[in-house]
Number of protein chains: 2
Amino acid sequence: MISAENLQVQAAPAPRESGVEFNLKTYLQERKALVEQALEASITITYPEKIYDSMRYSLLAGGKRLRPILCLATCELLGGTLDMAMPTACALEMIHTMSLIHDDLPAMDNDDYRRGKLTNHKVYGEDIAILAGDGLLAYAFEFVVENTVGVKAEKLLKVISRLGHAVAATGLVGGQVVDLESEGITDITIETLNFIHSHKTGALLEASVLSGGLLAGAEGDAVQRLTNYARNIGLAFQIVDDVLDITSTQEELGKSIGKDIQAQKVTYPSLWGIEASRVEAQRLVDLAKAELSPFDAAAIPLQAIADFITARTH
Amino acid sequence: MISAENLQVQAAPAPRESGVEFNLKTYLQERKALVEQALEASITITYPEKIYDSMRYSLLAGGKRLRPILCLATCELLGGTLDMAMPTACALEMIHTMSLIHDDLPAMDNDDYRRGKLTNHKVYGEDIAILAGDGLLAYAFEFVVENTVGVKAEKLLKVISRLGHAVAATGLVGGQVVDLESEGITDITIETLNFIHSHKTGALLEASVLSGGLLAGAEGDAVQRLTNYARNIGLAFQIVDDVLDITSTQEELGKSIGKDIQAQKVTYPSLWGIEASRVEAQRLVDLAKAELSPFDAAAIPLQAIADFITARTH
């Protein structure tokens, strides 16, 4: 979990407001609060209550809300508004939640706990957990269409296509399949490792960044730059995660550590070593930030989020 | 399974072609062939092959293709073309296939066979089956956006919203939840039975009929008539299914019969008796057909499909 505790990016004036210092911690807290408010309102409980309870249980279980925050930030970067992007931001979190519920199932990773709470199927049963995931995924698309205002229909269609692509076999489903196939295999290649991460987590992060841009009307070069930014921070994030699994104390990380080594899992540090992994993560973050250079001060939040990835210690 | 074998609706001239007799059997066969051709082309196998194989295994496993055929027929009824509706028709079948794969899972109905073939999880494993369903559902939305031509973006958004609504907790997911909750309960009410069927199967049938109309530009009264038509044939279809489970021989039905009685399942004939169930099914079909009266000869295929529901003996 990204925690912005004790981290302040002394960056520069906040975007479009000169003389005000940009504070990432405050920024992330405020955005997270806005997203959670919108998510809370997105699903009303009605008959049959159990399925709505189950969807809300996982959707409102906390987390960093990184995907919605990226979507909102990119929409603003391209001159759009928070209101314009909020339905898509919520849809991204619904989709992410679906993937967590299904990944936790006994037939998949078989996890009993997530973020310190029982997983969905431990509370509601496997059948309901499968259906809650299906329901969240389908509802995400309806929700975007029914709640987005001030965006041209053609642009919204592009966003919908992107969301679908990021979840399907071309995205997180494909990544999860290769991850499952790689279990217990100790000699997987860097290409396979990259495929897993760029699909299992990268695809939806990319869609988060890109959808915000598309809603605000991004085209051509801007779309390419946002895509490169997203791919680089996505991979850097994963590398840092792998490093922290080795170097962090359990207390710092807030979850059990050394899991990868115990599971003999191939990771970036197991392939490259810790120091080279850190260097590579920093290189990717620098590349990501360089992609944003034409946007000037408006890109400060996205620059700060990129910096935060390598700076975090837990 | 609807089989049009030995059934000819001696209806009237075929729509927009006077002097030609409309033959439902030929019509359904031709439409099914068109849909299967489009489905075959809709998913190309690439890395990781297993998930694409798994999705294709269930998507191309046959079946009556009723939902796509309804979508195509309604689009034509409202003056649209087959090409206009084919991507949505395929998406409807992808969504329907997802619901079958997930319903068959051990945590749900735990079925080993469907249409005489091993179910998806028996061939590919539970993990892949869950992911194949997720992949098909997400891809359905991308597929509609990327492949529909000649339809205004605003109309396509309406279709997407409808599809989402038909799958989410407001649709088939909600129906499946109540069906699971009703297992083993022998005194469920007619209201609960209606809820299960109108959501578990009715919602997607309704979306099939309606989406074809929306693509062709249906508005106002036409939308309401199509909705009523779809609801009435959906319920009639279920009632006839329940009756055939009791009256048919195993050979005629092509699947094991008397399953409902064995499972002490509450059905329409168990509540009303066989004869009253037949009368009610006929009444619903007549209502459905009456909704189409303003469309004249163009509605012949949909009229014939409605008639076929009560006429079928297997």
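**Notebook: where chain A meets chain B**

I started with the interface: chain A and chain B bury about 3,900 Å² between them, and 76% of that area lies on carbon and sulfur atoms. A reminder to myself that this is a predicted model.

Next I asked which helices build chain A's side. Helix 2 (49-59), helix 4 (82-104), helix 6 (126-147), helix 7 (153-167), helix 8 (172-182) and helix 9 (190-215) of chain A each give at least two residues to the side that touches chain B. Helix 6 of chain A supplies the largest share, 14 residues. I then sorted the residues on this side of chain A by character, and they came out as 29 nonpolar, nine polar and eight charged.

With charged residues on the list, I wondered how many salt bridges the rule finds across the interface of chain A and chain B. It finds zero. Polar contacts do turn up there: I noted six residue pairs, with both partners at pLDDT 80 or more.

For the contact count, I have 46 residues of chain A touching 46 residues of chain B. Do the copies meet through the same surface or different ones? The same one, because 100% of the interface residues of chain A are also interface residues in chain B.

Last, I looked at symmetry. A turn of 180° with a shift of 0.0 Å along the axis lays chain A on chain B, with an RMSD of 0.0 Å. The two copies are therefore related as by a two-fold rotation axis. I also looked up which residue of chain A comes closest to the rotation axis: it is Ala153(A), with its C-alpha at 2.7 Å.

Definitions and conventions: Residues numbered from 1 in each chain as written. Chains lettered and ligands numbered in written order. Predicted model: local features only at pLDDT ≥ 70, side-chain atom pairs only at ≥ 80, totals over all residues. Heavy atoms only, no water. Contact = heavy atoms within 4.5 Å. Buried area = accessible area lost by both parts, 1.4 Å probe. Salt bridge = Lys/Arg side-chain N within 4 Å of Asp/Glu carboxyl O. Polar contact = N/O pair within 3.5 Å; in protein donor to acceptor, adjacent residues only side chain to side chain. Helix = DSSP H or I, 4+ residues; strand = E, 2+ residues; numbered from the N terminus. Nonpolar A, V, L, I, M, F, W, Y, C, P; charged D, E, K, R; others polar. Least-squares fit on C-alpha atoms with pLDDT ≥ 70 in both.
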